[in-house]
Amino acid sequence: MKIDWAALGSVFGVSLVATVALVGLFTLGVMGLSKQEEAAANGGSAGLARTGAYACFALCAAAVAYGIYLIVI
């Protein structure tokens, strides 16, 4: 049995980057929702924070859906 170490390293690297990106995006979404309350309390616009948070969550959902699509197809 021969292991292709370059391919294994490539898969590891791409998986690591994708995981960090998804977690970061989800974190930005949660922070956006928490800043929404702070902006409303200070008299600012909470709509921008909410819209950004929903956009982050939508991108997370799209990435997960694409991953499931790649597995199924």
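A search of the whole structure, which is a predicted model, finds two aromatic pairs. The tour begins with these.

**Stop 1: Phe26 and Phe57**

Select Phe26 and Phe57 and display their rings. The ring centres are 5.2 Å apart and the planes meet at 55 degrees, so the pair is classed as tilted; an angle over 60 would have counted as edge-to-face. This pair links distant parts of the chain, since Phe26 belongs to helix 1 (residues 5–41) and Phe57 to helix 2 (residues 47–72). Along the chain, the two residues are 31 residues apart. With the surface switched on, Phe26 appears as partly exposed, at a relative accessible area of 46%. Phe57 is likewise partly exposed, with a value of 23%.

**Stop 2: Tyr66 and Tyr69**

Move next to Tyr66 and Tyr69, which form a stacked aromatic pair. Their rings lie 6.3 Å centre to centre, with 25 degrees between the planes. Both residues are in helix 2, and because they are three residues apart, about one helical turn separates them. Tyr69 has a relative accessibility of 47% and therefore counts as partly exposed.

**Stop 3: the nonpolar patch**

Keep Tyr66 and Tyr69 selected and add Leu22, Val64, Ile68, Leu70, Ile71, Val72 and Ile73. Together these residues form a nonpolar patch on the surface, with about 980 Å² of accessible area. Which element gives the most to the nonpolar patch? Helix 2 does, with seven residues. One of the patch residues to inspect individually is Val72, which is placed in helix 2. Val72 is exposed, because its relative accessible area of 65% is over the 50% limit.

**Stop 4: Gln36 and Gly67**

Turn to Gln36, located in helix 1. Is Gln36 buried or exposed? Gln36 is buried: its relative accessible area is 19%, and the class requires a value under 20%. To see its surroundings, show Ala46, Ala49 and Arg50, which are in contact with Gln36 when neighbours within four places in sequence are left aside.

Then select Gly67, a residue of helix 2. Gly67 is partly exposed, with a relative accessible area of 26%. Draw a distance between the C-alpha atoms of Gly67 and Gln36: the separation is 30 Å, for residues 31 apart along the chain.

**Stop 5: the salt bridge**

Side chains of opposite charge can pair when their charged atoms come close. The count for this model comes to one salt bridge. Select Glu38 and Lys35 to find this salt bridge, where the N to O distance is 3.9 Å; the cut-off applied is 4 Å. Both residues lie in helix 1, three residues apart, which corresponds to about one turn of the helix. Glu38 is partly exposed, with a relative accessible area of 44%. Lys35 is also partly exposed, at 42%.

**Stop 6: Lys2**

Finish at Lys2, in the segment before helix 1. The relative accessibility of Lys2 is 77%, so this residue counts as exposed. A last distance can be drawn from Lys2 to Val20: their C-alpha atoms are separated by 30 Å, and the residues are 18 apart along the chain.

Key:
Residues numbered from 1 in each chain as written. Predicted model: local features only at pLDDT ≥ 70, side-chain atom pairs only at ≥ 80, totals over all residues. Heavy atoms only, no water. Phe/Tyr/Trp six-rings, centres within 6.5 Å; stacked < 30°, edge-to-face > 60°. Helix = DSSP H or I, 4+ residues; strand = E, 2+ residues; numbered from the N terminus. Buried < 20%, exposed > 50% of the residue type's maximum accessible area, 1.4 Å probe, protein only. Patch = residues over 30% accessible without salt bridge, like charges linked within 9 Å, V, L, I, M, F, W, Y side chains within 5 Å. Areas by Shrake-Rupley, 256 points an atom, 1.4 Å probe, with all protein chains shown as cover. Salt bridge = Lys/Arg side-chain N within 4 Å of Asp/Glu carboxyl O. Contact = heavy atoms within 4.5 Å.
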